[in-house]
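Colleague: I'd like to learn how to read a model like this one. Could you walk me through it, feature by feature?

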Amino acid sequence: MKYTGRCPKCENNEIKYVSGTNQSKIGIPLGITSWVAVDRYICLQCGYIEQYVDTAQSLQRLANKS
Ligand SMILES: [Zn+2]
């Protein structure tokens, strides 16, 4: 959906993008006060949700987590 703009489940092309930048509850915790943002693409037909860690920098933070 991120790249095709189309739902892989129902072929609908009405996709809602929701930034995870300010949504710590759906992020991935790195510590008590630190987390990685997760962006979501939601199909407005069937409700299917695709999720991505938001940036390459965030992926690196995950990789470095001990
Ligand atoms: Zn769908």
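Modeller: Sure, and keep in mind that this is a predicted model. Let's start with N12, which counts as buried because its relative accessibility is 11%, under the 20% cut-off.

Colleague: Where along the chain is N12 found?

Modeller: N12 is in the segment before β1.

Colleague: And which residues is N12 in contact with, leaving aside its neighbours within four places in sequence?

Modeller: With that filter on, N12 touches G5, R6 and C7, and also C43, L44 and Q45. Two of those names, C7 and C43, come back at the metal site.

Colleague: Good, let's go there. Which protein atoms are the donors of the zinc ion?

Modeller: The SG atoms of C7, C10, C43 and C46, lying 2.3 Å from the zinc ion. Along the chain, these donors follow the spacing C-x2-C-x32-C-x2-C. C7 sits in the segment before β1 (15-18) and C43 in strand β4 (residues 38-43), so this pair ties together parts that are 36 residues apart in sequence.

Colleague: How do I read the geometry? Why is the arrangement around the zinc ion tetrahedral?

Modeller: You look at the angles between donors. Four donors count as tetrahedral if all angles lie between 85 and 135 degrees. Here the four donor atoms subtend 102 to 115 degrees around the zinc ion, so the arrangement is tetrahedral.

Colleague: Are C7 and C43 buried or exposed?

Modeller: C7 has 1% relative accessibility, so it counts as buried. C43 comes in at 2%, so it counts as buried too.

Colleague: What about backbone angles? What should I look for in phi?

Modeller: The general idea is that most residues other than glycine have a negative phi. In this model, E11 has a positive phi of about 70 degrees, although it is not a glycine. E11 is found in the segment before β1, and at 49% relative accessibility it counts as partly exposed.

Colleague: Now the sheet. What's the general idea there?

Modeller: Strands of a sheet pair through backbone hydrogen bonds, either parallel or antiparallel. In this case three strands form an open sheet in the order β1-β4-β5, with antiparallel pairing. β1 and β5 (49-53) stand at the edges with a single partner strand each, so one side of each has no neighbour in the sheet. On average, neighbouring strands of this sheet are turned by 20 degrees against each other, direction ignored.

Colleague: How many bridges join β1 to β4, and how many join β4 to β5?

Modeller: Four bridges join β1 to β4, and five join β4 to β5. I42 is a handy residue to follow: it is the bridge partner in β4 of K16, and its own bridge partner in β5 is I49.

Colleague: What links β4 and β5?

Modeller: They form a hairpin with five residues between them, and G47 in the turn has a positive phi of about 90 degrees.

Colleague: Let's zoom out. What pattern does the protein follow along the sequence?

Modeller: β-β-β-β-β-α, that is, five strands and one helix. The C-alpha atoms fill a box of roughly 40 × 20 × 15 Å along the principal axes. Of the 66 residues, 24% count as buried.

Colleague: And how do I read the surface and the contacts?

Modeller: The accessible surface comes to about 4,700 Å², with 49% of it belonging to carbon and sulfur atoms. For contacts with a separation of 6 or more, residues 24 or more positions apart account for 43%.

Key:
Residues are numbered from 1 along each chain as its sequence is written. This is a predicted model: local features need pLDDT of at least 70, side-chain atom pairs count only at pLDDT 80 or more; totals for chains, interfaces and linings use all residues. Side-chain values use heavy atoms; hydrogens and water are left out. Donors are N, O and S atoms within 2.8 Å of the metal (3.2 Å for Na, K and Ca); water is not among the atoms, so sites may look incomplete. Four donors count as tetrahedral if all angles lie between 85 and 135 degrees; four count as square planar and six as octahedral if opposite donors are over 155 degrees apart and all others between 65 and 115; anything else is irregular. Helices (H or I, at least four residues) and strands (E, at least two) are DSSP runs, numbered from the N terminus. Buried means under 20% relative accessible area, exposed over 50%, partly exposed in between (1.4 Å probe, protein chains only). Two strands pair if DSSP finds at least two bridges between them. Axes are lines fitted to C-alpha atoms, for helices over the stretch in contact, and angles run from 0 to 180 degrees between N-to-C directions. Contact means heavy atoms within 4.5 Å. Accessible areas come from the Shrake-Rupley method with a 1.4 Å probe; for residues, only the protein chains shown count as cover.
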